[in-house]
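Thanks for coming, everyone. I'd like to walk through one structure with you today. Let's put it on the screen.

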Amino acid sequence: MKKLLFIINPTAGKGRAGNDLFSMIDTFTKAGYDTVVHPIQDYEMIVDLVREVGRDYDMIVCAGGDGTLDKTATGYMQLVEETGKDIKLGYIPCGSTNDYAKSLGISQIPEKAAEQIAGGRPIPIDMGCINGRPFIYIAAFGLFTNASYATPQNLKNALGHSAYIMQGMKELSNIKVYNIEADFDGRSVTGEYIYGQVSSTKSVAGFMLAVNKAPIFNDGLFECLLIKKPKTPDELGRLFNSLLTGDIDNELIYMETAKSIKIKSSEPLSWTIDGEFGGEISEAKIDVLYRKISLMLTSTKGFIDID
């Protein structure tokens, strides 16, 4: 019988993973896997667990939020590089927003997501790297970006996506402007910005942004966005309209696609990486890791050159 390491974050998304644990194990058993469940106590243990223990398994599946996937994918990347083994990787979204899973067409129902893994096939996806630190789908700074890691877990569990909105609204009265120098594959831009992101996702913090409506997850490029501070209520209204409708003919929005990005600030920026605090960084070097890992998926929408 094949062996499956099942990593679960029991605190993510109102404890959804634990509630559906039996049905998910049953799905994997029917698919021919002997499943070993490993609940995690903190994110930092995941990377070492996957890298050190994962080599004895045929498949590794993680259940949790975006942060759980981030750490699992980082450990998995290191595991494959060290061993060269063909180990499958699956993801069951159980967080409060699950931005990346929604973009990839992964079911928000844990049992159905497990069925997708069991019936899926490995699809290569791009990852990113910021100053040597790998990430799955987004690195961002500025307005609202600390809403995920600053929101208490018990509030996330109780209110779900609404908790992020509540945390984000606290920041509106104190919008900070950053002096930025950015380079996107040799194309330079400077100015004062309140927000920036480098991503490969359709939604951010649960919001479907039209400016990100059609990312390709394995083309070696990230979608890059910088936003200037609106000075009037009218400018604020037009900014939100642009972000939600995709009409980016707006003087406050700068967009690019690039595989190599440099962002320098006159002061350290608090970066959020896959929904978790990524540190205070004054000079960020971000590169796409082209088709670095594969995920077990049933949908190829948003992918190119897949047989």
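Start at the tail of the chain. Asp305 is found in the segment after strand E16. Its backbone is worth a look: Asp305 has a positive phi of about 55 degrees, and it is not a glycine. Is Asp305 buried or exposed? Asp305 is exposed, with a relative accessible area of 63%.

One caution before going on. This is a predicted model. Please keep that in mind throughout.

Now a second aspartate. Asp274 also is not a glycine, yet has a positive phi, about 50 degrees. Where does Asp274 sit? Asp274 is in the loop between strand E15, residues 260-273, and E16. Asp274 is buried, because its relative accessible area is 0% and the cut-off for buried is under 20%. Set that against Asp305, at 63% and exposed.

Let me step back to the whole chain. There are 10 helices and 16 strands. The chain has 307 residues, and 51% of them count as buried. What about contacts along the sequence? Take contacts between residues at least 6 apart in sequence: 74% of these join residues at least 24 apart.

Here is one such long link. Lys88 is found in strand E4, residues 88-93. Met296 is 208 residues away along the chain, but the C-alpha atoms of Lys88 and Met296 are separated by 7.0 Å. What does Lys88 touch, leaving out residues up to four places away in sequence? The list is Tyr33, Asp58, Met59, Ile60, Tyr76 and Met296. Lys88 is partly exposed, with a relative accessible area of 28%.

Compare a second basic residue. Arg238 is found in helix H10, residues 233-245. Arg238 is partly exposed too, at 34% relative accessible area. With residues up to four places away left out, Arg238 touches Asn250 and Glu251. Leu252 is 14 residues from Arg238 along the chain, and their C-alpha atoms are separated by 9.4 Å.

On to the interior. In soluble globular proteins, nonpolar side chains tend to be buried together. What do we have here? The largest nonpolar core has 56 residues. Those with the most contacts inside that core are Phe6, Phe28, Ile60, Ile92 and Ile293. Look at Ile293. Again leaving out residues up to four places away in sequence, Ile293 touches Ala73, Tyr76, Met77, Leu89, Ile123, Pro124, Ile125, Met127 and Ile136. There is also a second, separate core, of 24 residues. Val189, Phe222, Ile261 and Val288 are included in that second core.

Next, a helix with buried residues. In helix H3, residues 44-53, the buried residues are Ile46, Val47, Leu49, Val50 and Arg51. Note the arginine in that list. What covers the buried residues of H3? The cover includes three strands, E1 (2-8), E2 (33-39) and E3 (59-64), and also helix H4 (66-83).

Now for empty space. How many cavities of 30 Å³ or more does the structure hold? One. The largest cavity has a volume of about 50 Å³. Which residues line it? They are Tyr91, Leu104, Gly105, Ile106, Ala113, Gln116, Ile117, Met296, Leu297, Thr298 and Ser299. Two elements each give two or more residues to that lining: helix H6 (110-119) and strand E16 (276-297). H6 supplies the largest share, three residues. By type, the lining divides into seven nonpolar, four polar and no charged residues. And Met296 is back: the partner of Lys88 is also in the cavity lining.

Last topic, the cysteines. How many disulfides does the structure hold? Zero. Take Cys94. The closest cysteine sulfur to that of Cys94 is in Cys62, 9.2 Å away, so the pair is too far apart for a bond. A disulfide needs the sulfur atoms within 2.5 Å. Cys94 counts as buried, at 0% relative accessibility. Cys129 is buried as well, with a relative accessible area of 15%.

That's the tour. Questions, please.

Technical notes:
Residues are numbered from 1 along each chain as its sequence is written. This is a predicted model: local features need pLDDT of at least 70, side-chain atom pairs count only at pLDDT 80 or more; totals for chains, interfaces and linings use all residues. Side-chain values use heavy atoms; hydrogens and water are left out. On a 1 Å grid over the protein atoms alone, a cavity is a set of points where a 1.4 Å probe fits but cannot get out, and a pocket is an open set with protein on both sides within 12 Å along at least five of seven lines; lining residues have an atom within 4 Å of a point. Grid points are joined across faces, edges and corners, and a volume is the space filled by probe spheres set on the points. Helices (H or I, at least four residues) and strands (E, at least two) are DSSP runs, numbered from the N terminus. Ala, Val, Leu, Ile, Met, Phe, Trp, Tyr, Cys and Pro count as nonpolar, Asp, Glu, Lys and Arg as charged, and the others, Gly among them, as polar. Buried means under 20% relative accessible area, exposed over 50%, partly exposed in between (1.4 Å probe, protein chains only). A nonpolar core is a set of buried Ala, Val, Leu, Ile, Met, Phe, Trp, Tyr and Cys residues joined through side-chain atoms within 4.5 Å. Contact means heavy atoms within 4.5 Å.
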